[in-house]
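This report concerns a single protein model and is intended to be read beside the sequence and coordinates. Please consult both while reading.

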Amino acid sequence: MARFVNAQVPEVVQPFWAALQRGELISDAAVVAGTYRKRGTRWVAACGGVRPRRGRNLTGRCLSFAEREEIALARARGETMRAIARRLGRAPSTISRELRRNAERDGG
């Protein structure tokens with residue numbers, strides 16, 4: 001027998017939060033998610049009215065170890081930050097922060 005779980009499943013809840021973010025009412029957002037108004041109200045209350053981070057598209061947010069290695073090796077070869085950023089598909093500010101964060105105290 002299937003067990004009823006009132007957990008916030010990302011595939012169901014994220015369309016609800018997206019609808020709320022577009023300015024729809026809770027009852028309309030609940031219809032978009034395929035549920036009813038009371039459950040939508042409970043989801044909002046459970047999260048304190050703030051959209052949960054889980055389930056958002058966060059892939060690629062942090063540099064991977066391979067990207068960090070590539071940045072270090074490319075900088076050692078004398079490449080510019082913008083060239084490294086272009087090759088990795090990242091913003092130059094990301095490369096700059098990574099280099100600054102891992103620089104020696106004397107600037108090396």
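The sections below address confidence, aromatic pairs, nonpolar cores and cysteines.

## Confidence of the model

The structure is a predicted model. Its mean pLDDT is 83, and 82% of the residues score at least 70. Confidence is highest in helix H5 (residues 81-88), with a mean of 94, and lowest in H1, with a mean of 84. As a general caution, predicted coordinates should not be read in detail where pLDDT is low.

## Aromatic pairs

How many aromatic pairs does the structure hold? There are 2 aromatic pairs. In one of them, Phe16 and Trp17 meet edge-to-face, at 5.8 Å centre to centre and with 80 degrees between the planes. Both Phe16 and Trp17 are buried.

Phe16 also forms an edge-to-face pair with Trp43, at 5.2 Å centre to centre and with 75 degrees between the planes. This pair links distant parts of the chain: Phe16 belongs to helix H1 (residues 10-21) and Trp43 to helix H3 (residues 37-46), 27 residues apart. Phe16 has a relative accessible area of 0% and is therefore buried. Trp43 likewise counts as buried, because its relative accessible area is 5%, under the 20% limit. Through these ring pairs, Phe16, Trp17 and Trp43 are linked into a cluster.

## Nonpolar cores

In soluble globular proteins, nonpolar side chains tend to be buried together. Here the largest nonpolar core has 9 residues: Val13, Phe16, Trp17, Ala19, Ala29, Ala30, Ala33, Trp43 and Val44. At least two residues of this core come from each of H1, helix H2 (26-33) and H3. H1 provides the largest share, with 4 residues. The three residues of the aromatic cluster, Phe16, Trp17 and Trp43, are thus also members of this core.

Another core lies apart from the largest one and comprises 6 residues, including Leu63, Ile71, Ala74 and Ala85.

## Cysteines and disulfides

A disulfide is a covalent bond between the sulfur atoms of two cysteines. With a cut-off of 2.5 Å between cysteine sulfur atoms, the count for this model is 0 disulfides.

Are Cys47 and Cys62 buried, partly exposed or exposed? Cys47 has a relative accessible area of 23% and is therefore partly exposed. Cys62 counts as exposed because its relative accessibility is 56%, over the 50% limit.

Technical notes:
Residues numbered from 1 in each chain as written. Heavy atoms only, no water. Phe/Tyr/Trp six-rings, centres within 6.5 Å; stacked < 30°, edge-to-face > 60°. Buried < 20%, exposed > 50% of the residue type's maximum accessible area, 1.4 Å probe, protein only. pLDDT = per-residue confidence, 0-100. Core = buried A, V, L, I, M, F, W, Y, C linked by side-chain atoms within 4.5 Å.
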